[in-house]
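Colleague: Could you take me through one part of this model closely, namely the packing around a single residue and the core and helices it belongs to? I would like one connected account rather than a list.

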Amino acid sequence: MARLPYPHREGMPPDVAELLGRFPRQNITEMFAHAPTLIGPLLLMAQAQFTVLELTARQRELAILAVAGLVASEYEYAQHVPISEAAGIGAELRDRVRDGDLDALDDPTERALVALVAATV
């Protein structure tokens, strides 16, 4: 449960409501609308992470799952369960990556990516 109430789009500045309308509804995104000067740059950065990076969807999700495990973010992990499933990552692999088990990854590129993420975090 959120400590702050979720903002209502009807009460937001029109440009913020229009910007939010271009993205799927997510609680964290909606909450950022409390900071109207932040939400534009934040959403553009998030959009770039999902559309212009040279990572595959699977690689991106492996990186996110690894970070979620490294920083103990159950919220982030739970948000990415269905997304990672859509990217071809099953429950066992997802849990092992979250737990930092690099041996779970057969692909050397994926193993190197998750190792880089771990070293960076």
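Modeller: Setting aside residues up to four places away in sequence, L93 touches R58, A104 and L105, and this, like everything that follows, is read from a predicted model. L93 is also among the residues that touch the most other members of the largest nonpolar core, a group of 14 residues in which L62, V97 and L105 share that distinction. At least two residues of this core come from each of α4 (57-70), α6 (91-98) and α7 (108-120), and α4 is the largest contributor, with five residues.

Turning to how two of these helices meet, the axes of α4 and α6 lie 7 Å apart and cross at an angle of about 50°, and the two helices are therefore oblique to each other. On the α4 side the contact is formed by R58, L62, L65, A66, G69 and L70, which meet L93, R94, V97 and R98 of α6. Sorted by class, this contact of α4 with α6 comprises six nonpolar, one polar and three charged residues.

A second core, separate from the one around L93, has eight residues, including L20, F23, I39 and L43. As for L19, this residue sits in helix α1 (residues 14-21) and has a relative accessible area of 10%, which is under the 20% limit, so L19 counts as buried. Beyond its neighbours within four places in sequence, L19 is in contact with I39, G40 and L43, while its C-alpha atom is separated by 9.6 Å from that of L44, 25 residues apart along the chain.

Technical notes: Residues are numbered from 1 along each chain as its sequence is written. This is a predicted model: local features need pLDDT of at least 70, side-chain atom pairs count only at pLDDT 80 or more; totals for chains, interfaces and linings use all residues. Side-chain values use heavy atoms; hydrogens and water are left out. A nonpolar core is a set of buried Ala, Val, Leu, Ile, Met, Phe, Trp, Tyr and Cys residues joined through side-chain atoms within 4.5 Å. Buried means under 20% relative accessible area, exposed over 50%, partly exposed in between (1.4 Å probe, protein chains only). Helices (H or I, at least four residues) and strands (E, at least two) are DSSP runs, numbered from the N terminus. Contact means heavy atoms within 4.5 Å. Axes are lines fitted to C-alpha atoms, for helices over the stretch in contact, and angles run from 0 to 180 degrees between N-to-C directions. Angles under 35 degrees count as roughly parallel, over 145 as roughly antiparallel, 65 to 115 as roughly perpendicular and the rest as oblique. Ala, Val, Leu, Ile, Met, Phe, Trp, Tyr, Cys and Pro count as nonpolar, Asp, Glu, Lys and Arg as charged, and the others, Gly among them, as polar.
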